[in-house]
Amino acid sequence: MFIKKYLTLIGIIGCFVACNAQEKSDTTVFKVNKTETEWKKELSEEEYYVLRQKGTERAGTGTYNHHEVNGVYTCAACQFELFSSDNKYDSGSGWPAFDRPISEESVVENKDSSHGMQRVEIVCSNCGGHLGHMFEDGPRQTTGLRYCINSVSLNFEKKKKASSGEEK
Ligand SMILES: [Zn+2]
């Protein structure tokens, strides 16, 4: 009897450990879940290539590369707020760059070992859409981070005029 109980306990612990281990391995659950067929219908060809297939737009070709208007950059796939113009800077790389996301919860970091490089992939925390990569060569005076983001992955919403500090 005792041995049977003991074995059951081992079984439970074993399952618990195994389940936990599985959860840790890259299975972030996103609020917006669509099938690839649905995404294909909703997104343009280029958006689908970048957001769903982790493609990269050609350097210097993006709409928001030299975009200097106050406002909020949202996810082109799900309209979730991702970056603020306050944190945008010119990195000279050919892609829009930010030194941080609009909030810590807005993006998720994934390890990316593709193309023989070790990089940190940045995805939208709401739908899992691929946005770009994060590098540690950003502005030293702030975060030191560079969020290198595809214009294609972003939409832009102009800031509504604030009541104060609008004129400099
Ligand atoms: Zn999204």
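**Two antiparallel sheets and one core**

Let me start with one pair: Y73 stands opposite F83 in β2. Pairing here needs at least two DSSP bridges between two strands. Strands are DSSP runs of E with at least two residues, helices are runs of H or I with at least four, and both are numbered from the N terminus.

Some ground rules. This is a predicted model, in which local features need pLDDT of at least 70, side-chain atom pairs count only at pLDDT 80 or more, and totals for chains, interfaces and linings use all residues. Residues are numbered from 1 along each chain as its sequence is written.

Now the overall layout. The chain has three helices and nine strands. From the N terminus the order is α-α-α-β-β-β-β-β-β-β-β-β.

Back to the opening pair and its sheet. Strand β2 covers residues 81–84 and runs antiparallel to β1, with three bridges joining them. On the other flank, β1 (residues 71–75) pairs with β9 (residues 154–158), also in the antiparallel sense, over five bridges. There, V72 stands opposite E157 in β9. Put together, that is an open sheet of three strands, ordered β2-β1-β9, with antiparallel pairing. Its edge strands are β2 and β9, each pairing on one side only. Neighbouring strands in this sheet are turned by 35 degrees against each other on average, direction ignored. For that angle, axes are lines fitted to C-alpha atoms, for helices over the stretch in contact, and angles run from 0 to 180 degrees between N-to-C directions.

Next, the other sheet. Six strands form an open sheet in the order β3-β4-β8-β7-β6-β5, again antiparallel. Here β3 (88–89) and β5 are the edge strands; each pairs on one side only. Between β3 and β4 there are two bridges, in the antiparallel sense. Y89 stands opposite A97 in β4.

Two loop residues deserve a look. The hairpin of β1 and β2 has five residues between the strands, and Q79 takes a positive phi near 65 degrees there. Q79 is not a glycine. Is Q79 buried or exposed? Neither label fits: Q79 is partly exposed, because 14 other C-beta atoms lie within 10 Å. The cut-offs: buried means 20 or more other C-beta atoms within 10 Å of the residue's own, exposed means 12 or fewer, partly exposed is in between, and C-beta atoms are placed from the backbone.

The second one is H115. H115 sits in the loop between β5 (107–112) and β6. Its phi is near 55 degrees, positive in a residue other than glycine. H115 is exposed, because 7 other C-beta atoms lie within 10 Å.

Last topic: packing. Of the 168 residues of the chain, 26% count as buried. A nonpolar core is a set of buried Ala, Val, Leu, Ile, Met, Phe, Trp, Tyr and Cys residues joined through C-beta atoms within 7 Å. The largest such core has 24 residues, and L82, C124, L131, Y147 and I149 have the most contacts inside it. At least two residues come from each of α3 (45–52), β1, β2, β4 (97–98), β6 (119–124), β7 (130–135) and β8 (146–149).

What is L82 in contact with, leaving aside its neighbours within four places in sequence? The list is Y73, T74, C75, P101, I102, S106, V107, C124 and L131. Contact means C-beta atoms, placed from the backbone, within 7 Å. Chain-wide, among contacts between residues at least 6 apart in sequence, 57% join residues at least 24 apart.

Conventions:
Contact = placed C-beta atoms within 7 Å.
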